[in-house]
2 protein chains.
Amino acid sequence: MKKNQKEIKASDENCPVRRALGLLGGKWTLLILFQINDRVMRYGELKRAIPGISEKVLIQELNSLVENKLVSKKSYHEIPPRVEYRLTKMGLKTLPIADELASFGLENSV
Amino acid sequence: MKKNQKEIKASDENCPVRRALGLLGGKWTLLILFQINDRVMRYGELKRAIPGISEKVLIQELNSLVENKLVSKKSYHEIPPRVEYRLTKMGLKTLPIADELASFGLENSV
């Protein structure tokens with residue numbers, strides 16, 4: 001191995017990058033996490049904040065984010081019903097990934 | 001808007017996070033970039049470094065990474081033929097994203 005080359009293990013199922021991508025790698029996942037960010041968002045606000053995402057996909061993604069404990073969901077028993085989403089502590093830990101994606105996107109006019 | 005909430009624009013096609021995900025969001029893309037890293041890798045080495053990726057998908061991904069100028073490909077006219085892949089300058093700028101994914105993956109035992 002050439003001098004000063006990093007020793008990188010194979011990306012098998014124990015690889016942290018692979019595991020993180022397994023959780024966050026969906027087409028819309030990191031974008032939804034980025035949009036919720038440090039805010040409290042309702043379904044309608046999220047739908048408007050991510051042009052092009054379908055109702056069905058957004059609902060599926062939100063349900064799996066809640067199931068994976070990245071997002072918490074609070075329902076208010078009012079008329080009309082009100083549902084709020086916010087990032088959990090673990091969800092907030094994905095924001096540095098979104099920040100790096102943003103810097104790359106800005107810097108490289110991709 | 002509540003005090004000290006970030007002002008986040010809608011993630012339309014100008015959103016840098018969305019643009020970066022458009023380029024890097026494939027299932028294997030960031031994993032391939034992470035494995036090449038600061039190294040020079042051959043196809044066979046990459047195939048072994050990413051268990052589960054098929055020959056066809058790895059070749060497709062590498063071709064699109066070269067086309068998108070994230071990876072450079074060097075062919076040596078020898079017998080047997082030798083082809084080497086390394087990250088371009090822009091490709092190297094994706095590594096902080098992989099590093100954040102690794103930290104998240106390690107920290108959150110996902």
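# A tour of two chains, starting at Asn108

Select A:Asn108 to begin. Apart from neighbours within four places in sequence, A:Asn108 is in contact with B:Met90 and B:Lys93. The model on the screen is a predicted one. A:Asn108 belongs to the segment that follows α6 of chain A. Is A:Asn108 buried or exposed? Its relative accessible area is 9%, and buried means under 20%, so A:Asn108 is buried.

**Stop 2: helix α6 of chain A and helix α1 of chain B**

Step back along chain A and select α6, residues 95–107. Then add helix α1 of chain B, residues 16–24. The axes of these two helices come within 7 Å, with a crossing angle of roughly 85°. Angles of 65 to 115 degrees count as roughly perpendicular, and α6(A) and α1(B) are therefore roughly perpendicular to each other.

Show the side chains here. On the α6(A) side, the residues that meet α1(B) are A:Ala98, A:Leu101, A:Ala102, A:Phe104, A:Gly105 and A:Leu106. On the α1(B) side, they are B:Pro16, B:Val17, B:Arg19, B:Ala20, B:Leu21, B:Leu23 and B:Leu24. Sorted by class, the contact of α6(A) with α1(B) has 11 nonpolar residues, one polar and one charged.

**Stop 3: helix α2 of chain A**

Keep α6(A) selected and replace the partner with helix α2 of chain A, residues 29–36. In general, two packed helices are described by the angle between their axes and the distance between the axes. The axes of α2(A) and α6(A) come within 9 Å and cross at roughly 105°. These two helices are therefore roughly perpendicular to each other.

Which residues of α2(A) meet α6(A)? They are A:Leu30, A:Leu33 and A:Phe34, and their partners in α6(A) are A:Leu95, A:Ile97, A:Ala98 and A:Leu101. The residues of this contact comprise seven nonpolar, no polar and no charged. A:Ala98 and A:Leu101 are listed in the contact with α2(A), and they are also listed in the contact with α1(B).

**Stop 4: the axis between the chains**

Now display both chains whole. A rotation of 180°, with 0.0 Å of shift along its axis, superposes chain A on chain B with an RMSD of 0.0 Å. That is the relation of a two-fold axis. To find the axis in the viewer, select A:Ile97: of the residues of chain A, its C-alpha comes closest to the rotation axis, at 2.9 Å. Of the interface residues of chain A, 100% are also interface residues in chain B, so the copies meet through the same surface.

**Stop 5: helix α2 of chain B**

Select residues 29–36 of chain B, which form helix α2 there. How many of its residues are buried? Eight of its eight residues are, and the helix is mostly covered. They run from B:Thr29, B:Leu30, B:Leu31 and B:Ile32 to B:Leu33, B:Phe34, B:Gln35 and B:Ile36. Just after this helix, look at B:Asn37, which takes a positive phi of about 50°.

**Stop 6: Arg42 in chain A**

Return to chain A and select A:Arg42, which is in strand β1, residues 41–42. A:Arg42 counts as partly exposed, at 39% relative accessibility. Leaving aside neighbours within four places in sequence, A:Arg42 is in contact with A:Arg82, A:Val83 and A:Glu84. A:Arg42 and A:Val83 are 41 residues apart in sequence, yet their C-alpha atoms are 6.0 Å apart in space.

**Last stop: the annotated span**

Finally, select residues 15–110 of chain A. An unreviewed UniProt entry places the feature "domain: HTH hxlR-type" on this span. The span is 56% helix and 15% strand, and its end C-alpha atoms lie 28 Å apart.

Terms used: Residues numbered from 1 in each chain as written. Chains lettered and ligands numbered in written order. Predicted model: local features only at pLDDT ≥ 70, side-chain atom pairs only at ≥ 80, totals over all residues. Heavy atoms only, no water. Axes fitted to C-alpha atoms, helices over the stretch in contact; angles between N-to-C directions. Helix = DSSP H or I, 4+ residues; strand = E, 2+ residues; numbered from the N terminus. Parallel < 35°, antiparallel > 145°, perpendicular 65-115°, else oblique. Contact = heavy atoms within 4.5 Å. Nonpolar A, V, L, I, M, F, W, Y, C, P; charged D, E, K, R; others polar. Least-squares fit on C-alpha atoms with pLDDT ≥ 70 in both. UniProt positions renumbered as here; feature names shortened; annotations may be inferred. Buried < 20%, exposed > 50% of the residue type's maximum accessible area, 1.4 Å probe, protein only.
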